[in-house]
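Visitor: I would like a close look at a single part of this model. Please take the part I point to and then set it in its surroundings.

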Amino acid sequence: MFIACLLFIPLLSAIFLAFLGTRPVAAKVNVIASTLSFMSALGLAAQMKQQKIALLGHDWFYLDYLSVFLIIIATFIEFTTAIFSARYLINERKTRKLTRKKLRFYYSLYQFFFFAALLILVTNNLGVLWVAMECATLITVLLVGLYHIPQSLEAAWKYLMLCGFGLAQALLGTILFYVAAETLSNSH
């Protein structure tokens, strides 16, 4: 129950915020969604107190104490950042540093990023893990370049190159590890 809430709250909020646009209520929706995510994480922690490991959704999701701890940290950061960014983005809009379109983009991507981050923490499938990591990286690149000024675009480009190279190496290592494990298991 809590794991479904944990994943669906940011995903549905991202979609809703994309359609909501830049109405003044968007910042409040972002904070409410982040609060609900944090509360779901706390509920998940209470639920996991009774068991050490949980395999859910036909073994697609794996939870243990470490993953729940990391989920609580991630959702707490999501919650506190949403509160801070609400006031910050209002000031950025007043000073015309951000357009309405960029604000809409920010709120939607903010929630979608946390969906990807939480999916990374709960998935029990290497393919889904890889896709979620790529999504989180690409969303971060878009958020870093949000202002569309030379400095932010340069930072986004550097981040993309560094993370892209690192993720490519991780993919190669994962493939080699899988092939080695498969060969070893077939030889016995």
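What follows is one request about a helix and one connected answer.

Visitor: Please look closely at helix H2 (25-48). Which residues does Asn30 contact, leaving aside its neighbours within four places in sequence, and which does Ser37 touch, not counting residues up to four places away?

Guide: The model is predicted, and every value below is computed from it. To place the helix, begin with the chain. The protein chain has 6 helices and 2 strands, and from the N terminus on its elements run α-α-β-β-α-α-α-α. Its C-alpha trace spans about 65 × 40 × 25 Å along the principal axes. Of the 188 residues, 35% are buried. The exposed area of the chain is about 11,400 Å², with 73% of it supplied by carbon and sulfur atoms. Among contacts with a separation of 6 or more, residues 24 or more positions apart account for 70%.

Now the helix. Asn30 is found in helix H2, and its relative accessible area is 0%, so Asn30 is buried, the limit being under 20%. Leaving aside neighbours within four places in sequence, Asn30 is in contact with Leu17, Ala82, Ser85, Tyr107, Tyr110 and Gln111. Ser37 also has its place in helix H2. At 0% relative accessibility, Ser37 counts as buried. Not counting residues up to four places away in sequence, Ser37 touches Leu6, Ile9, Pro10, Thr75 and Glu78.

Two of the contacts of Asn30, Tyr107 and Tyr110, lead to an aromatic group. Tyr106, Tyr107, Tyr110, Phe113 and Phe114 form one aromatic cluster. A search of the whole structure finds 8 aromatic pairs. In the pair of Phe113 and Phe114, the ring centres are 5.2 Å apart and the planes stand at 80°, so the pair is edge-to-face; the angle for that class is over 60 degrees. As for cover, Phe114 is buried, with a relative accessible area of 8%, whereas Phe113, at 22%, counts as partly exposed.

The contacts of Ser37 include Thr75 and Glu78, and helix H3 covers residues 65-94. Phe76 lies in helix H3 and is partly exposed, with a relative accessible area of 42%. Phe76 also belongs to a nonpolar patch on the surface, formed together with Leu66, Phe69, Leu70, Ile73 and Ile77. The accessible area of this patch is about 560 Å² together.

Next comes the stretch that follows helix H2. Lys49 is found in the loop between helix H2 (25-48) and strand E1 (53-56). With a relative accessibility of 68%, Lys49 counts as exposed, because that value is over 50%. The C-alpha atoms of Lys49 and Gly173 are separated by 34 Å, and these two residues are 124 residues apart along the chain.

Beyond that loop, E1 is joined to strand E2 (residues 61-64) by 4 bridges, and the two strands run antiparallel. E1 and E2 form a hairpin with 4 residues between them. Gly57, in the turn, has a positive phi of about 55°. Within the pairing, Leu56 stands opposite Phe61 in E2, and the bridge partner of Leu55 in E2 is Tyr62. In a regular strand, side chains alternate between the two faces of the sheet.

One last feature completes the surroundings, in helix H6 (residues 150-187). A search of the whole structure finds 1 salt bridge, and the side chains of Glu154 and Lys158 meet in a salt bridge at 2.9 Å, N to O. Glu154 and Lys158 are 4 residues apart in helix H6, so about one helical turn separates them. Each end of the bridge is partly exposed: Glu154 has a relative accessible area of 44%, and Lys158 has one of 47%.

To return to the request: Asn30 and Ser37 are found in helix H2, and each has a relative accessibility of 0%. The contacts of Asn30 include Tyr107 and Tyr110, which are members of the aromatic cluster, while those of Ser37 include Leu6, Ile9 and Pro10. Past the end of the helix, Lys49 is exposed.

How values were computed: Residues are numbered from 1 along each chain as its sequence is written. Side-chain values use heavy atoms; hydrogens and water are left out. Patches are made of residues with over 30% relative accessible area and no salt bridge: like charges are joined within 9 Å, nonpolar side chains (Val, Leu, Ile, Met, Phe, Trp, Tyr) within 5 Å. Accessible areas come from the Shrake-Rupley method with a 1.4 Å probe; for residues, only the protein chains shown count as cover. A salt bridge is a side-chain nitrogen of Lys or Arg within 4 Å of a carboxyl oxygen of Asp or Glu. Buried means under 20% relative accessible area, exposed over 50%, partly exposed in between (1.4 Å probe, protein chains only). Two strands pair if DSSP finds at least two bridges between them. Rings of Phe, Tyr and Trp (its six-membered ring) pair if their centres lie within 6.5 Å; planes under 30 degrees apart count as stacked, over 60 as edge-to-face and the rest as tilted. Contact means heavy atoms within 4.5 Å.
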